[in-house]
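Hi everyone, thanks for making time. I'd like to walk you through one structure today, so have a look at it while I talk.

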Amino acid sequence: MTGLPHGFIRSRDVLDDRLTGAQVRTLELQHGNEELLYGLNLIGVAGPFSRVTPWELEDEQGVRRINASGYSATPFGEMPPVLTGFLKEFLEKNRAMSLPQQSSSPWRAALEANLVRLLARELPSHHDSQVFFCSSGTEAIEGALKFARAWRPGTKYSISFNSAYHGKTMGSLSLTPNPEYQDVFRPLVPGAVTCPYGDLDALSALIRRLGPDKVTCVVVEPIQGEGGVNIPPEGFLRGLGELCRRHGIVVIADEIQTGLGRTGHWFESAAQGLDPDIVTLAKPLGGGLVAVGATIVRHAIYKKMLGGLSSKRHSNTFGGAALAMAVGLRSLEHLIETDLPRRSLELGQIGLGHLQGLQARYPRLVQEVRGQGLLLAMQFQPVVGVPLPGPVKELVYEGTAILALRELHQAGVMANLSLSSKRTVRLTPALDMPRDVFEIMFGRVETFAARNPASRHLLTNTPPNVTLSLAKFAASKPKKRTPSDG
């Protein structure tokens, strides 16, 4: 057997932790997303990090932090034993085909059946729905858009909402109304139209203006995650469903972040009275270990696109792979057996109470808090409190969240930025985080706030050399700033 050429890195070197943190960062800066890693490194959150427990991570200096990041994709934390133990068994015992692209598969069949049965418990009209698997949330949205267009051929318009986030491939990006991500890629997919989120009258007027027979679909997040945990007014989703049903418009519920328990419900759209035609899932379905996306589609709509000899009209090489299906099946099983949506709802009420108390005590730091289940958000006062012109204001808003992320990290909590809400940081802890760890986490958030009682302290508590480097970095990378909240 020929050895690896000089300079190549062995898998055993990575598995045995032989690469130092400095080596890892250097390689990433040379060969990966250099600008992202450089920015993260400036504020000291680039890692790499190692798992201590499913809920705690350790940096190369041995500092431990509670992980509330992961963008809702780690429902059981890092490398949870419930999945790693199962995976060992799977690798030893599985005899099913790994990539069953042109054959049936026991793993895929089981997960298809369980997802449909779970959805039908909440929405009986989906009792005979069908599932298409892929490898990510944005792929699930792309599939949903194709199903909708096949069902309503000749239509022109797809409607999404302000502050929405549906992904960054071309179709999903066209429905993510954020110039920062869209502009360099124009022209986008034609027919994408944006409506104010939560405004049923505006949606009705828009559909009338476009012509109901020209609208393919409405794509909606039951709660906007990247938008900063925006919860629509009561009755909005129910009314949206009734409006679209009247006109035969396909409703796509993007449950990629909200589905499978994060908000305290199995499907947040169903909890808010919406019976969508198509439901997209991803993040928690992979248990934080593998990439799994799913598009659940009403039977008639599914058959319209993938019927008869057209059944290969849409395909995915790795969708339905045995390993991904096995992890998805075990993840769903664990969510059901331990009733983690209920636990998420209970812990979320406690967490939101902590944040509301924090906002009351530190109003010059925290402007607003929002949450549903374990999808929690803090929106901060801007670090500069005087009126600023548009582009500078947006830069300050973005800097506010980045500095807050840094200070939370210093306090021992790893959090998420919000891509469409510049001053907002989210907490998305594991749904099974032990109660004592959960309380310690919010104690650390309190420590963060006490150190930064007003938002200006986020700036003054940052070392001047870091502030200067961040300012130079921002100035050297001009981009179109998206109008943000506030």
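I'll go through a sheet, the cores, a cavity and then some backbone oddities.

One thing up front: this is a predicted model.

Okay, the sheet. It's an open one with 4 strands, in the order E1-E2-E3-E13, and the pairing is mixed. At the edges sit strand E1, residues 50-53, and strand E13, residues 413-414, each pairing on one side only. In between, E2 (residues 56-58) and E3 (residues 64-67) run antiparallel and are joined by 3 bridges. If you want one to click on, Glu56 has Ile66 in E3 as its bridge partner. Then there's helix H16, residues 435-451, lying across E3 and E13 at about 105° to E3.

On to the cores. In soluble globular proteins, nonpolar side chains tend to be buried together. Here the largest nonpolar core has 76 residues, and the ones with the most contacts inside it are Leu115, Leu260, Phe267, Met378 and Leu427. Helix H13, residues 322-337, gives the most to this core, with 8 residues. There's also a second, separate core of 22 residues, including Tyr157 and Val193.

Let me pick out Phe267. What does Phe267 touch, leaving aside its neighbours within four places in sequence? Its contacts are Leu118, Leu119, Glu122, Glu255, Leu260, Val279 and Leu281.

Now, cavities. Searching the whole structure for anything of 30 Å³ or more turns up 1 cavity, with a volume of about 30 Å³. Its lining includes Pro54, Trp55 and Asn67, along with Thr428, Pro429 and Met433.

Last topic, the backbone. Most residues other than glycine have a negative phi, and most peptide bonds are trans. So here are some places to check in your viewer. The bond from Gly47 to Pro48 is cis, with omega near 10°, and Pro48 is in the loop between helix H3 and E1. Arg186 to Pro187 is cis as well, with omega near 5°; that proline lies in the loop between helix H8 and strand E6.

For positive phi, we have Asp17 at about 60° and Leu260 at about 65°, neither of them a glycine. Both are in loops: Asp17 between helices H1 and H2, Leu260 between strand E8 and helix H11. Buried or exposed, then? Asp17 is exposed, because its relative accessible area is 66% and the cut-off is over 50%. Leu260 counts as buried, because its relative accessibility is 1%, under the 20% limit.

That's my tour, happy to take questions.

Conventions
Residues are numbered from 1 along each chain as its sequence is written. This is a predicted model: local features need pLDDT of at least 70, side-chain atom pairs count only at pLDDT 80 or more; totals for chains, interfaces and linings use all residues. Side-chain values use heavy atoms; hydrogens and water are left out. Two strands pair if DSSP finds at least two bridges between them. Helices (H or I, at least four residues) and strands (E, at least two) are DSSP runs, numbered from the N terminus. Contact means heavy atoms within 4.5 Å. Axes are lines fitted to C-alpha atoms, for helices over the stretch in contact, and angles run from 0 to 180 degrees between N-to-C directions. A nonpolar core is a set of buried Ala, Val, Leu, Ile, Met, Phe, Trp, Tyr and Cys residues joined through side-chain atoms within 4.5 Å. Buried means under 20% relative accessible area, exposed over 50%, partly exposed in between (1.4 Å probe, protein chains only). On a 1 Å grid over the protein atoms alone, a cavity is a set of points where a 1.4 Å probe fits but cannot get out, and a pocket is an open set with protein on both sides within 12 Å along at least five of seven lines; lining residues have an atom within 4 Å of a point. Grid points are joined across faces, edges and corners, and a volume is the space filled by probe spheres set on the points.
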